[in-house]
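Good morning, everyone, and thank you for making the time. Please have the model open in front of you, and I will begin with the empty spaces inside it before turning to the rest.

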Amino acid sequence: MSDVLKVEKITFAEGVSMIIGTNIGAGILSVSYAARKAGYLPLLFWLIVVGIITTVTMLYVAEATLRTKQHEQLSGLAQRYVGGFGSWLMFASVTVNALGALIAYMNGSGDLMNSLFGIDRRLGSILFFIPAALVLGLGLKALGRSEKMITSLMVLMLLVLIGATLLFPNTDFSRLLDGNWMYMVPVFNLVVFIYCAQYIVPEIARGLSHTPKQLPKAIMTGMFCTFMLIALVPLSVISLTGLDNISQVATISWGKALGSWAFFIANGFALFAMLTSYWGIGGSFLTNIADRFSIPVDTNIKARIVAVAMVSLPPFALAYSGMVGFVDALYFAGVFSGVVLSILPYLIVRGARRQGNREPEWQCPGWMNHAPVYVLISLLYSASAVYAILAKLDLLPAGW
């Protein structure tokens with residue numbers, strides 16, 4: 001398979017920022033609401049468990065990239081080490097998950113711009129779309145720099161909000177002990193969908209190919225920082241408002257409790273979170289298309305423009321098409337894709353250990369290669385898929 005993706009150097013900090021930026025999408029703002037019945041401690045438990053599991057699957061992909069001379073994406077790695085069926089399965093998984101996420105960001109950005117500035121939702125989405133698509137068009141180096149800049153700003157905004165919350169007189173940390181562990185299952189399901197940076201690993205590997213030993217460090221650092229941020233937001237919101245007063249979007253709760261300045265900072269954060277996640281998921285989708293169909297996006301400007309259009313225009317059109325049935329179909333397909341994304345990385349790394357064409361600078365520690373670890377990952381993600389489908393079909397208790 002020809003190597004259509006060229007090396008574009010990124011720094012360690014940019015690699016870490018790409019992971020944080022991809023993970024920190026809209027989910028960070030809804031996780032507090034999802035935990036309103038279970039409480040903070042079950043949420044924290046799942047954030048730790050799912051964070052570790054996702055990191056393991058990302059490190060499987062990392063080792064596979066280090067055993068491969070060519071710069072291939074998930075679908076290319078699957079083609080090489082699992083076969084044609086695995087490749088198309090992985091490509092379908094990436095496509096469906098990317099489409100679902102990008103449609104959500106198109107819709108969400110319009111809503112946010114409307115609430116912040118009172119402008120028309122479609123115009124708001126267009127204003128969001130311009131920098132989102134532009135950075136995709138400029139390539140990996142621009143994406144890494146943009147992720148670092150916006151992610152740094154997001155972290156600063158969050159620290160301001162969290163700091164103000166900790167100093168606020170109504171904050172009561174005993175509220176973190178409220179809740180009921182019976183309701184922990186739905187929380188698990190949302191957390192699974194929050195950690196979504198598996199897609200971006202081959203891109204970071206391509207950017208750090210000049211210092212390959214930094215790749216696993218960037219993954220672990222990025223995932224730890226993601227965990228800290230996702231844990232601190234509900235900690236602040238729940239200790240400030242209590243479980244009974246959480247709005248669906250955390251920014252509204254913060255705004256009501258802390259004042260209008262917090263509303264603007266929190267909604268600005270939400271907009272940036274959608275943008276960085278759009279870049280991560282959209283950039284990965286673009287390079288998977290290039291890899292799967294051997295499109296020379298890094299050497300042919302026309303090919304790149306066409307590929308960017310393929311990635312960015314359908315979600316924009318579908319977001320305002322009113323095709324609710326299509327979005328529902330994406331939901332079910334996305335659930336299936338999550339299972340694929342949890343199972344295939346292990347098969348890819350096993351294949352890479354047998355057939356890889358270069359000596360890796362790093363490999364997964366021994367405990368990650370034991371069958372119980374792989375079985376646990378497969379079972380948890382499969383259970384998540386079953387739960388998501390049953391919830392969508394209203395076959396679960398109303399209390400959940």
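Two cavities of 30 Å³ or more are held in this structure, where a cavity means a set of points, on a 1 Å grid over the protein atoms alone, at which a 1.4 Å probe fits but cannot get out. Before I go further, I should say that this is a predicted model, in which local features need pLDDT of at least 70 and side-chain atom pairs count only at pLDDT 80 or more, while totals for chains, interfaces and linings use all residues. Residues are numbered from 1 along each chain as its sequence is written, and side-chain values use heavy atoms, with hydrogens and water left out.

The largest cavity has a volume of about 60 Å³, a volume being the space filled by probe spheres set on the points, which are joined across faces, edges and corners. Its lining, meaning residues with an atom within 4 Å of a point, includes Leu136, Glu203, Arg206, Gly283 and Arg304. Helices α7 (140-167), α9 (201-207) and α12 each supply at least two of the lining residues, and α12 gives the most, with three; helices here are DSSP runs of H or I with at least four residues, strands are runs of E with at least two, and both are numbered from the N terminus. By class, the lining divides into four nonpolar, three polar and three charged residues, where Ala, Val, Leu, Ile, Met, Phe, Trp, Tyr, Cys and Pro count as nonpolar, Asp, Glu, Lys and Arg as charged, and the others, Gly among them, as polar.

What, then, is the make-up by class of the lining of the second largest cavity? That cavity has a volume of about 40 Å³, and its lining has six nonpolar, two polar and no charged residues. Among them are Val192, Val335, Tyr381, Ser384 and Ala385, and α8 (184-194), α14 (324-355) and α15 each supply at least two.

Let me stay with α15, which has 22 residues and reaches 32 Å from its first C-alpha to its last, close to the 32 Å expected at 1.5 Å a residue, that expected span being 1.5 Å times one less than the number of residues. Its buried residues include Tyr381, Ser384 and Ala385, with buried meaning under 20% relative accessible area, exposed over 50%, and partly exposed in between, for a 1.4 Å probe and protein chains only.

Just after α15, aspartate 394 takes a positive phi of about 60°, and at 66% relative accessibility this residue counts as exposed. Most residues other than glycine have a negative phi. Serine 294, in the loop between α12 (260-293) and α13 (301-319), likewise has a positive phi, of about 50°, although it is not a glycine, and at 39% relative accessibility serine 294 counts as partly exposed.

A contrasting serine is serine 32 in helix α2 (residues 27-34), which counts as buried at 0% relative accessibility. Leaving aside neighbours within four places in sequence, serine 32 is in contact, meaning heavy atoms within 4.5 Å, with Val233, Pro234, Val237, Ile246 and Ala250.

Finally, for the whole chain, there are 15 helices and zero strands. The radius of gyration is 20 Å, close to the 21 Å that the globule rule gives for 400 residues, so the chain is as compact as a globular protein of that length; the radius is taken over C-alpha atoms, and the rule is 2.2 Å times the number of residues to the power 0.38. Buried residues make up 56% of the 400 residues.

Notes: 1 Å grid on protein atoms, 1.4 Å probe; cavity = no way out; pocket = protein on both sides within 12 Å on 5 of 7 lines; lining within 4 Å.
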